[in-house]
Amino acid sequence: MASILRYFGYLAEDNRLDEATGLTDRQKRLVQNTWTVIKKDQVNSGVAVMIAYFTKYPVYQQEFQPFKDMPLPELPANKKFQAHCANIIAALNSVIDSLHDPGLMDANLIMLAERHKNRGQTEQQFQDMKQVILDVFRQILGKQFTPEVAEAWNITVERTFSKICNVLAN
């Protein structure tokens, strides 16, 4: 019975706000449920993100030594590029999988940010990636990207990138 009530949004715990993530239990489920669509094809989802990122910010392609001089249309077929793109989705997967454990989520984000900081990545590069990710997810999810889902993803992405940028700034 509880699962039926939860499906229709009638359980009070669905609206309980997790202060650490900024998400309600319902929003966490919305993110996790829609995430299954995105992670189902890690390579193509990651390629879509990175191609959109390099299209919107061509200068950032130069930061990636293996791909810096490669024409954009050739990138999706490049296996090193595909591997990098799959790693992006895998990193996001660790965040989504740990929404129930904000301490673990923060540890994952700190490690991710420290790796990128050691490579010289900047806060601005991550800030620019934020909207690209949301735009690509909106395209991948199509009709599933309802206003309620969009709000849950906006909160998740904002929280994720705020943590990463805090590490990069210090």
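In the predicted model, helix α4 supplies the largest share of the lining of the largest pocket, contributing six residues. This pocket has a volume of about 440 Å³, and of the 24 residues that line it, those closest to its centre are H84, I88, L112, H116 and F126. Besides α4 (79-97), the elements that give two or more residues to the lining of the largest pocket are α3 (42-56), α5 (102-118), α6 (123-141) and α7. Sorted by class, the lining of the largest pocket comprises 15 nonpolar, six polar and three charged residues.

Enclosed space was examined as well, and a search of the whole structure finds one cavity of 30 Å³ or more. The largest cavity holds about 40 Å³ of space and is lined by L92, V95, I96, W153, T156, V157, T160 and F161. The elements that give two or more residues to the lining of the largest cavity are α4 and α7, and of the elements involved α7 gives the most, with five residues. In terms of class, six nonpolar and two polar residues make up the lining of the largest cavity, with no charged residues. Helices α4 and α7 are thus named for the lining of the largest pocket and again for that of the largest cavity.

Helix α7 also takes part in a helix-helix packing. Helix α2 (residues 25-39) packs with helix α7 (residues 147-169) at an angle of about 95°, the axes of the two helices lying 9 Å apart. Because angles of 65 to 115 degrees count as roughly perpendicular, α2 is described as roughly perpendicular to α7. On the α2 side the contact is made by R26, Q27, L30, V31, T34, W35 and I38, and on the α7 side by E148, V149, E151, A152, W153, I155 and T156. Taken by class, the contact of α2 with α7 has eight nonpolar, three polar and three charged residues. Of the residues in this contact, W153 and T156 of α7 are also found in the lining of the largest cavity.

Aromatic pairs were considered last, and the structure holds twelve of them. In one of these pairs, the rings of W35 and W153 have their centres 6.0 Å apart and their planes at 50°, so the pair is classed as tilted. The pair links distant parts of the chain, with W35 in helix α2 and W153 in helix α7, 118 residues apart. Both W35 and W153 belong to the contact of α2 with α7 described above, and W153 in addition lines the largest cavity.

Note on methods
Residues are numbered from 1 along each chain as its sequence is written. This is a predicted model: local features need pLDDT of at least 70, side-chain atom pairs count only at pLDDT 80 or more; totals for chains, interfaces and linings use all residues. Side-chain values use heavy atoms; hydrogens and water are left out. Axes are lines fitted to C-alpha atoms, for helices over the stretch in contact, and angles run from 0 to 180 degrees between N-to-C directions. Helices (H or I, at least four residues) and strands (E, at least two) are DSSP runs, numbered from the N terminus. Angles under 35 degrees count as roughly parallel, over 145 as roughly antiparallel, 65 to 115 as roughly perpendicular and the rest as oblique. Contact means heavy atoms within 4.5 Å. Ala, Val, Leu, Ile, Met, Phe, Trp, Tyr, Cys and Pro count as nonpolar, Asp, Glu, Lys and Arg as charged, and the others, Gly among them, as polar. On a 1 Å grid over the protein atoms alone, a cavity is a set of points where a 1.4 Å probe fits but cannot get out, and a pocket is an open set with protein on both sides within 12 Å along at least five of seven lines; lining residues have an atom within 4 Å of a point. Grid points are joined across faces, edges and corners, and a volume is the space filled by probe spheres set on the points. Rings of Phe, Tyr and Trp (its six-membered ring) pair if their centres lie within 6.5 Å; planes under 30 degrees apart count as stacked, over 60 as edge-to-face and the rest as tilted.
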